[in-house]
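Reader: Hey, got a minute to walk me through this one? I'd like to start with the strands and then wander a bit.

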Amino acid sequence: MDAEQAAIRHRELTEAGWVRRFTGEGPRVSELSETYESLGMEVLLEPGVLGEETGCRTCFDAEGYAERCTTVYTRRCAEDTGRSDDDLFE
């Protein structure tokens, strides 16, 4: 996926309510995905480097690097109305 396609996909996701959290590889993606899910969020894993970054992209643009990466998006679950274990605000 080239940079233009990645930007288009990123816009589609953000319009659907997804928030890009980070791009990474390996076990860190799994660990943080589980953390977001434990916080009651939906997690979407997209292959490659997505987004509209304007800063340095040297690493992402290196040959073969983007194919190893996963971009993590989250959004609140539709049925999430608050934490059920938090009685502070009852």
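Reader: How many bridges join E2 to E3, and which way do they run?

Author: There are 7 bridges between E2 and E3, and the two strands run antiparallel. Keep in mind that this is a predicted model.

Reader: Cool. Which residue is the bridge partner of Pro47 in E3?

Author: That's Thr70.

Reader: And the sheet as a whole, what's the strand order?

Author: E1-E3-E2, an open sheet of 3 strands with antiparallel pairing. E1 and E2 are the edge strands: each has a single partner, so one side of each has no neighbour in the sheet. On average, neighbouring strands are turned by 25° against each other, ignoring direction.

Reader: Staying on E2, is Glu46 buried or exposed?

Author: Buried, since its relative accessible area is 10%, under the 20% cut-off. Glu46 sits in strand E2.

Reader: Huh, a glutamate. What does its side chain make a polar contact with?

Author: With the side chain of Arg9, at 3.0 Å. Leaving out residues up to four places away in sequence, Glu46 touches Arg9, Leu13, Thr70, Thr71 and Tyr73.

Reader: Tyr73, ok. Which other side chain has a polar contact with that one?

Author: His10 does: its side chain and that of Tyr73 are joined by a polar contact of 2.7 Å. His10 belongs to helix H1, residues 3-15.

Reader: Why does His10 count as buried?

Author: Because its relative accessibility is 11%, and buried means under 20%.

Reader: Switching to H1 itself. Which of its residues are buried?

Author: Ala6, Ala7, His10 and Leu13. Looking down the axis of H1, the buried residues fall within an arc of 125°, so they line one face of the helix. Glu4 and Glu15 are exposed on the other side of H1.

Reader: What does that buried face pack against?

Author: The buried residues of H1 pack against three strands: E1 (19-24), E2 (41-47) and E3 (70-76). The helix lies across E1, E2 and E3 and runs at about 170° to E2.

Reader: How far does H1 reach, first C-alpha to last?

Author: 18 Å for its 13 residues, close to the 18 Å expected at 1.5 Å a residue.

Reader: Ok, H2 now. What should its span be, and what are the end C-alpha atoms doing?

Author: H2 covers residues 27-38, and its 12 residues should span 16 Å at 1.5 Å a residue; the end C-alpha atoms are 17 Å apart, which agrees.

Reader: Which H2 residues are buried?

Author: Val29, Ser33 and Tyr36. Those cover an arc of only 65° around the axis, which puts them on the same side of H2. Over on the other side, Pro27, Arg28, Glu34 and Ser38 are exposed.

Reader: And what do the buried ones pack against?

Author: E1, E2 and E3. H2 lies across those strands and runs at about 155° to E2.

Reader: Last thing, backbone angles. What follows each helix?

Author: A glycine with positive phi in each case. After H1 comes Gly17, with phi near 95°, and after H2 comes Gly40, with phi near 85°.

Notes
Residues numbered from 1 in each chain as written. Predicted model: local features only at pLDDT ≥ 70, side-chain atom pairs only at ≥ 80, totals over all residues. Heavy atoms only, no water. Helix = DSSP H or I, 4+ residues; strand = E, 2+ residues; numbered from the N terminus. Buried < 20%, exposed > 50% of the residue type's maximum accessible area, 1.4 Å probe, protein only. Polar contact = N/O pair within 3.5 Å; in protein donor to acceptor, adjacent residues only side chain to side chain. Expected span 1.5 Å × (residues − 1). Arc of directions from axis to C-beta. Contact = heavy atoms within 4.5 Å. Pairing = 2+ DSSP bridges. Axes fitted to C-alpha atoms, helices over the stretch in contact; angles between N-to-C directions.
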